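Student: I have a structure open and want to learn how to read it. Can you take me through it feature by feature?

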Amino acid sequence: FFSSSFVLIVQYPDSSRPQFTNSPTMIVMVGLPARGKTYISKKLTRYLNWIGVPTQVFNLGQYRREAVKSYKNYEFFRPDNEEAMNIRRACALNALKDIANYFAKEQGQVAVFDATNTTRERRGVIISFAKEKGYKVFFIESICDDPEIIEANIMEVKVSSPDYENCDKEEALEDFLKRIECYKTTYVSLDDESDRHLSYIKIFNVGSRYLVNRVQDHIQSRIVYYLMNIHVTPRSIYLSRHGESELNLLGRIGGDSGLSSQGKKYASTLSEFIRDQAIKDLKVWTSHMKRTIQTAEALGVAYEQWKALNEIDAGVCEEMTYEEIQENYPEEFAMRDQDKYRYRYPKGESYEDLVHRLEPVIMELERQENVLVICHQAVMRCLLAYFLDKSADELPYLKCPLHTVLRLTPVAYGCKIEPFYLNIKAVNTHREKPVNVDVTRMPEEALRTVPEHF
Amino acid sequence: MMNGYSYGMEICMTNCPTLIVTVGLPARGKTYISKKLTRYLNWIGVPTKEFNVGQYRRECVKIYKSFEFFRPDNEEGLKIRKQCASAALNDVRQYLTEEGGQVAVFDATNTTRERRETINRFAEQNGFKVFFVESVCEDPDVIAENIVQVKLGSPDYTHCNTEQAVEDFMKRIKCYENSYQPLDEVLDRELSFIKIIDVGRRYLVNQVQDHIQSRIVYYLMNIHITPRSIYLCRHGESELNVRGRIGGDSGLTARGKEFARCLGQFMHKQGISDLKVWTSQMKRTIQTAEALGVPYEQWKALNEIDAGVCEELMYEEIQQRYPLEFALRDQDKYRYRYPKGESYEDLVQRLEPVIMELERQENVLVICHQAVMRCLLAYFLDKTAEELPYLKCPLHSVLKLTPVAYGCKVERISLKVEAVNTHRERPENVNVHRTAEDALQTVPAHL
């Protein structure tokens, strides 16, 4: 199922399955080892999945590790090593087969083929394959000649690879540099002239410059935009909810109430915490709702308000307790429990809608460096799901308790997450999925997992 | 506390204004890009103005004789042109430092490194960021088409016939060619720029500094010049329309259904290949599209403005229950936000992805709602925030927008199916203490 959280959905009268484009897209990475191809592949895949485009990475290195159980040294990658070349070619064909399967049988929309693809010959094989199957192809080439960046990459992700389990760091680095040399002799970059009919983006030196050729469609345009906004400068993103609010205390959802006395305590404690973190050039963002603004005010620094960070609109259920929702809208309540991600409150929003409206926030978070986002439970779940690559099923049940700051720091291919509970008591607002989600269930079954409140 | 801006654009409001500088030979689309970009930035709320050096030159040299003015060895010509550039930069400074401007687009050839250095120095002195937009094109067909579309009608050539004008203009281009130094990947690697090659087949993007430059690049990479038309219309007349009620999610009346049928016939007669049809997620637009019998795409972003607590009320009821709100709305209809609802300003923000996709697409029919259509129309026709909420978008009429020269040709087609009028003009008295009668003066008739 393809969600409508992305820009548009196509409703064909007879089809139950909305489609984004008519043809699947293969994104093909190009570049020497340690140029960030896997970093880009994983990040792009995470972004596309979050916005609702089913995407998967096919990493050739993994196929190779399956085929050749133990890696000896760089000699495997020598261009004159015929046996190895045969194995590597077979791996590539297997990966392409799996991609075809992903598109045909698993409803994939985008496949990211993560390999060096440094020769024109290899790229030719891929292009023929895609043409035969009717897939669009978009190349992403990463070019970098800064030895410091390359060494940093190797230290961050290569020395800990399964290939180098039994080596120390120095040995691993030395072997890997020789591995790169093996590719250099046959490396042919995408060429302005001979490849002018291909669709691609060339990224130079981690984003200081880009060359974009023949963007074919909307998704390629979005991919280009995303790639041009991400960076690798070290930084941290702090996510927190507003302090406990008056309506939180009463077990009521939504609304626009102010902070309770505990909430105010949290705000001032948060202020101390932030000061102790001594963060360089911290940006602070809030929603347009009182409770986040009041929390930010206590920090005594400039902050920016985003309407897009407002809590999910619960429509007719705004300011109700779960008990009241069960009483007034028992069927809606059950349907929400059946599919919490896609369920839309009458006259309100769904989590899926929320992801769509948060996309510009995510894009700007990617551009920024150190940011503290003071937001709301459903909003924080959506943002967290993006950073931690959580599925649509997991997202609405992520635990985002009050009075806890999550610090996210990009590391290797993912995100390190550190929770800081600031030790100010607050009510629990997390309602787990009840066992019985049937519309015929009893009120007690529906309300079993409602957290306590006044 | 920083001012409550709703959208990401405001995040980029760093302390420095931005100077966008076009680069390129004549007839490469610099003015087209300048005007379009300016229109887009103003629509999303970034105060932007373009400064076309050609216009300054026309002020200075009342009568254009021939291409000889542009010869590189014409010292007097050079002197005048330099003065004009300086005058324009002066106005840029005033706009960005004293008139609240955020972005200035300096539209000129700027083909020499020396000229660009001058501009860089000027920007540095004044604390402006600089972003270059270069258009490179060697396709003779494209250049010829440009000349026909926008140069022949220029004040410079009012006294020439077509042939003479084209010949003179080609010689004019030649004057610039010898000294043209395109932006270079190596020599200009410290500058922030986008090089647009062959009308967007290819782009080179260098050192994007901030959010607004990133947005500008994204926009420029999505626009195209392939001829096409955009059709805008509202859903057919709805049940709530006839009862004078705003918002809601009602179905079509019999007349509304008739409109939908006529719309189907009309679009069919237009004979467009590959027409895309877009609707909102509300019943009335979907029902209208259904009658067309072609696939259509639903956008939540095209939903009508959310009137919050006033949803499904008549204006008379709004006056009765919320007289203060009603007056505040009349005072500033663009920025006013219904309690628990939206403002036109919010609407523009949520429609931005729709506009971006409309730019990417070719022939599209958008079936939407009154406030939404006003916002889209304001984008295409470069209307201000003051004009936008009062644009006339009656039911049962289709607007066909066709890009031409530097703007948009508009054809209004009324499909001859009767419908209520839903357009409420701004009343004379917008004071919070006005009488109910004054407030309701301009409410259109309804059941």
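Tutor: Keep in mind that this is a predicted model. Begin with overall size. A compact globule of 454 residues would have a radius of gyration near 22 Å, and chain A has 25 Å, which agrees. The C-alpha trace of chain A spans about 75 × 60 × 40 Å along its principal axes.

Student: What radius of gyration does chain B have, and what does the globule rule give for 447 residues?

Tutor: First its make-up: chain B has 16 helices and 12 strands. Its radius of gyration is 25 Å, close to the 22 Å from the globule rule, so chain B is as compact as a globular protein of that length. The C-alpha atoms of chain B fill a box of roughly 75 × 55 × 40 Å along the principal axes.

Student: How many helices and strands are there in chain A?

Tutor: Chain A has 15 helices and 13 strands.

Student: Next, burial. What share of the residues in chain A is buried?

Tutor: Look at relative accessible area; under 20% is buried. In chain A, 57% of the 454 residues are buried. In chain B, buried residues make up 57% of 447.

Student: And the surface: what area does chain A expose, and what do carbon and sulfur atoms supply?

Tutor: Chain A exposes about 19600 Å², with 49% of it from carbon and sulfur atoms. For chain B the exposed area is about 19600 Å², and carbon and sulfur atoms supply 49% of that.

Student: How do I read contacts against sequence? What percentage in chain A joins residues 24 or more positions apart?

Tutor: Take the contacts with a separation of 6 or more. In chain A, 69% of them join residues 24 or more positions apart. In chain B, such pairs account for 70%.

Student: Now charge. How many positive and negative side chains does chain B have, and how far apart are the centres of the two sets?

Tutor: Count both signs, then compare their mean positions. Chain B has 59 positive and 62 negative side chains, and the two centres lie 1 Å apart. Chain A has 59 positive and 65 negative charges, with mean positions 2 Å apart.

Student: Let's turn to aromatic rings. How many aromatic pairs are there over all chains?

Tutor: Rings pair if their centres lie within 6.5 Å. The count is 32 aromatic pairs over all chains. Take B:W43 and B:Y379. Planes over 60 degrees apart count as edge-to-face. Here the ring centres are 5.4 Å apart and the planes meet at 65 degrees, so the pair is edge-to-face.

Student: Where in chain B do B:W43 and B:Y379 lie?

Tutor: B:W43 is in helix α2 (residues 30-43) and B:Y379 in helix α15 (residues 370-381). They are 336 residues apart, and the pair links distant parts of the chain. B:W43 is buried, at 6% relative accessibility. B:Y379 is buried too, at 0%.

Student: Which other pair can I practise on?

Tutor: Try B:W278 and B:W299. Their centres are 4.7 Å apart, with 45 degrees between the planes, and the pair is tilted. B:W278 lies in strand β8 (residues 276-279), and B:W299 in the loop between β9 (296-298) and α12 (315-321), so the pair ties together parts 21 residues apart in sequence. Both B:W278 and B:W299 are buried.

Student: Which residues do ring pairs link into a cluster?

Tutor: The cluster is in chain A: A:Y71, A:F76, A:F77, A:Y164, A:F176 and A:Y183.

Student: How do I read a single residue, say B:Q298? Is it buried or exposed?

Tutor: Place it, check its cover, then look for a partner in space. B:Q298 sits in strand β9 of chain B. It is buried, with a relative accessible area of 13%. B:Q298 and B:Q281 are 17 residues apart in sequence, yet 5.6 Å apart in space, C-alpha to C-alpha.

Student: Which residues is A:E445 in contact with, leaving aside its neighbours within four places in sequence?

Tutor: A:E445 touches A:P434 and A:N436. A:E445 lies in helix α15 (residues 443-447) of chain A. At 26% relative accessibility, A:E445 is partly exposed. A:E445 and A:P434 are 11 residues apart in sequence and 7.1 Å apart in space, C-alpha to C-alpha.

Student: Last, backbone angles. What is phi of A:N423?

Tutor: Phi of A:N423 is near 60 degrees, a positive value in a residue other than glycine. A:N423 is in the loop between β13 (414-421) and α15 of chain A. A:N423 is exposed, at 61%. Then see B:Q207, with phi near 50 degrees. B:Q207 is in the loop between β6 (202-206) and α8 (211-220) of chain B. B:Q207 is partly exposed, at 29%.

Definitions and conventions: Residues are numbered from 1 along each chain as its sequence is written. Chains are lettered from A and ligands numbered from 1 in the order in which they are written. This is a predicted model: local features need pLDDT of at least 70, side-chain atom pairs count only at pLDDT 80 or more; totals for chains, interfaces and linings use all residues. Side-chain values use heavy atoms; hydrogens and water are left out. Helices (H or I, at least four residues) and strands (E, at least two) are DSSP runs, numbered from the N terminus. The radius of gyration is taken over C-alpha atoms; the globule rule is 2.2 Å times the number of residues to the power 0.38. Buried means under 20% relative accessible area, exposed over 50%, partly exposed in between (1.4 Å probe, protein chains only). Contact means heavy atoms within 4.5 Å. Accessible areas come from the Shrake-Rupley method with a 1.4 Å probe; for residues, only the protein chains shown count as cover. Lys and Arg count as positive and Asp and Glu as negative; His and the chain ends are not counted. The place of a charge is taken as NZ of Lys, CZ of Arg, CG of Asp or CD of Glu. Rings of Phe, Tyr and Trp (its six-membered ring) pair if their centres lie within 6.5 Å; planes under 30 degrees apart count as stacked, over 60 as edge-to-face and the rest as tilted.
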